[in-house]
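Here is a short report for a first-year reader. Look at the sequence and the structure, then read on.

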Amino acid sequence: MMTVDIRKKLHAGSGRIAMELQFDVRDGELLALFGPSGAGKTSVLRMIAGLLQPDSGTITVNNEAWFDSSGDLNLVPQRRDVGIVFQDYALFPNMTVRENIAYGLKKDQPADVVQELLDVMELIQMEHVRPSLLSGGQKQRVALARALARRPKVLLLDEPTSSLDAALRVRMQQYVKTFHEKHRMTTLLITHDVTEVIRLASRVLVLEQGTIKMQGAARDVLPLDDLRSLL
Amino acid sequence: MIGPFILTLKLASISTLILFVISLPVAYLLAFSSFRLKPVVEAMVSLPLILPPSVLGFYLLLAFSPERSFGGFLDEYFDIRLVFTFTGLVISSVIYSLPFMVQPFQSGFRMIPRALIEASYTLGKGRFETLIHVLLPNMRAALITGTILAFAHTIGEFGVVLMIGGSIPEETHVVSIALYDEVQAMHYHTANIYAGILLAFSFVILVTVYSINQRFTNNLFRP
């Protein structure tokens, strides 16, 4: 289980935000963090990953503290065991698809993990290709495979389908769903897409101006009009 | 006739090698950290860009002089003389060409998207592994440009060499000095050959740098 209890003053495009958040993600759960841009969603993810330091609070994963302002503890990203899919993919341009995925392997991990991911994500035909030659959907699959390769304790997805067209988005969501059902990784999904929340998440937090406005099952919490348009 | 060329290439090669080792950490530090004295360090590194070489040469001459504390210390305890020697020329070349390598390296580091570095960290890799596997391979254009520019700049060095090297055959008699000497002696034909070769060399170097930049920057970091 991951427990997050953090406070942070942020400078967003819309002005200053005093973020104050308390939530947990249960083992194997896929929790969505939903909200408009500028609500502070990506900052939450960066604080969990150790890329941004909260002003105060705690972040605990499976009873291990990753951040604790009272004990002056702040683990570096390398020691946090997270996998991130960045919004703009952040694939290494100098490495092939296979090399990108293999880069994150832990020392004791067998190399056939890479092969399995290439198969599952249907990337085998382009394993020796560099990212600049891939389409958006392919890049996103490589980014997901790379984050999954080290079997992290926590998987963080930052708007993983926002730059894809509708058909590819559904397909990408299917990859996430399949993998999550198989491996039950504790996952935090950031999104501003209602359909994505409904398709993937068991629970959703609605974030506005750095605080949680609502939380619960997707169908109970999200704007009804958007839901109707889905039907 | 060929002697000054060999000496110049030797000087430029050794200086460039030393510069590469110094410039990488300096550029990394300047690109990724902020500390109060950073503008001072940046100004010191860049000083040779605007300072007349003779000014730099003059101060190096004072520092290297066996009559003074630093030069005297080297002379007394290590039996090293830096004035009018090849070693002295190498040291002054390194100082003189430092900004020509540090600045391209620094902007090379800065051009790498922050997300790539963060991705590497979250994949469990430390600063050194990230430098070797992510930063350096993705800034090859900057590495090549900086190296070539520093090499070429050392080849064209004149003022500093004149001040602290003099014109000692096989020791400090580099091409630019040889050219000056030939003109002084009114041997215009030989001077013409030296000048022509330097001109052609410089032109080829610049065309190479611009071609590399064009090739590398065209298709890197397309999202």
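In what order do the elements of chain B run from the N terminus on? They run α-α-α-α-α-α-α-α-α-α-α. Chain B has 11 helices and 0 strands. Helices (H or I, at least four residues) and strands (E, at least two) are DSSP runs, numbered from the N terminus.

This is a predicted model, in which local features need pLDDT of at least 70, side-chain atom pairs count only at pLDDT 80 or more, and totals for chains, interfaces and linings use all residues. Residues are numbered from 1 along each chain as its sequence is written, while chains are lettered from A and ligands numbered from 1 in the order in which they are written.

**Chain B as a whole**

The C-alpha trace of chain B spans about 65 × 45 × 25 Å along its principal axes. Chain B has 223 residues, and 35% of them are buried. A residue is buried if 20 or more other C-beta atoms lie within 10 Å of its own, exposed if 12 or fewer, and partly exposed in between; these C-beta atoms are placed from the backbone. Now take the contacts in chain B with a separation of 6 or more: residues 24 or more positions apart account for 73% of them. Two residues are in contact if their C-beta atoms, placed from the backbone, lie within 7 Å.

**Two packed helices**

Two packed helices are described by the angle between their axes and the distance between the axes. Helix α5 (residues 86-111) of chain B packs against helix α8 (residues 140-155) of chain B at about 160 degrees, and their axes are 8 Å apart. The axes are lines fitted to C-alpha atoms, for helices over the stretch in contact, and angles run from 0 to 180 degrees between N-to-C directions. So α5(B) is roughly antiparallel to α8(B), a label for angles over 145 degrees. Residues of α5(B) including B:Phe100, B:Met101 and B:Phe105 take part in the contact, and among those of α8(B) are B:Leu143, B:Leu149 and B:His153. By class, this contact has 8 nonpolar, 9 polar and no charged residues. Here Ala, Val, Leu, Ile, Met, Phe, Trp, Tyr, Cys and Pro count as nonpolar, Asp, Glu, Lys and Arg as charged, and the others, Gly among them, as polar.

**Where the chains meet**

Chain B uses 19 residues to contact 17 residues of chain A. Helix α6 (residues 114-122) of chain B gives the most to this side of chain B, with 6 residues. The side of chain B that touches chain A divides into 11 nonpolar, 5 polar and 3 charged residues.

**Inside chain A**

Helix α4 (residues 136-149) of chain A is mostly covered, with 12 of its 14 residues buried. Among the buried ones are A:Arg141, A:Val142 and A:Leu148. Their cover includes β8 (154-158) and α5 (166-183) of chain A.

A:Thr187 sits in strand β9 (residues 186-191) of chain A. Is A:Thr187 buried or exposed? A:Thr187 counts as buried because it has 24 C-beta neighbours inside 10 Å. Leaving out residues up to four places away in sequence, A:Thr187 touches A:Leu30, A:Leu155, A:Leu157 and A:His180. A:Thr187 and A:Arg26 are 161 residues apart in sequence, yet 9.0 Å apart in space, C-alpha to C-alpha.

**After two helices**

Two residues take a positive phi just after a helix.

| Residue | Helix before it | Phi |
|---|---|---|
| A:Arg151 | α4(A) | about 45 degrees |
| B:Met186 | α10(B) | about 60 degrees |

Technical notes:
Angles under 35 degrees count as roughly parallel, over 145 as roughly antiparallel, 65 to 115 as roughly perpendicular and the rest as oblique.
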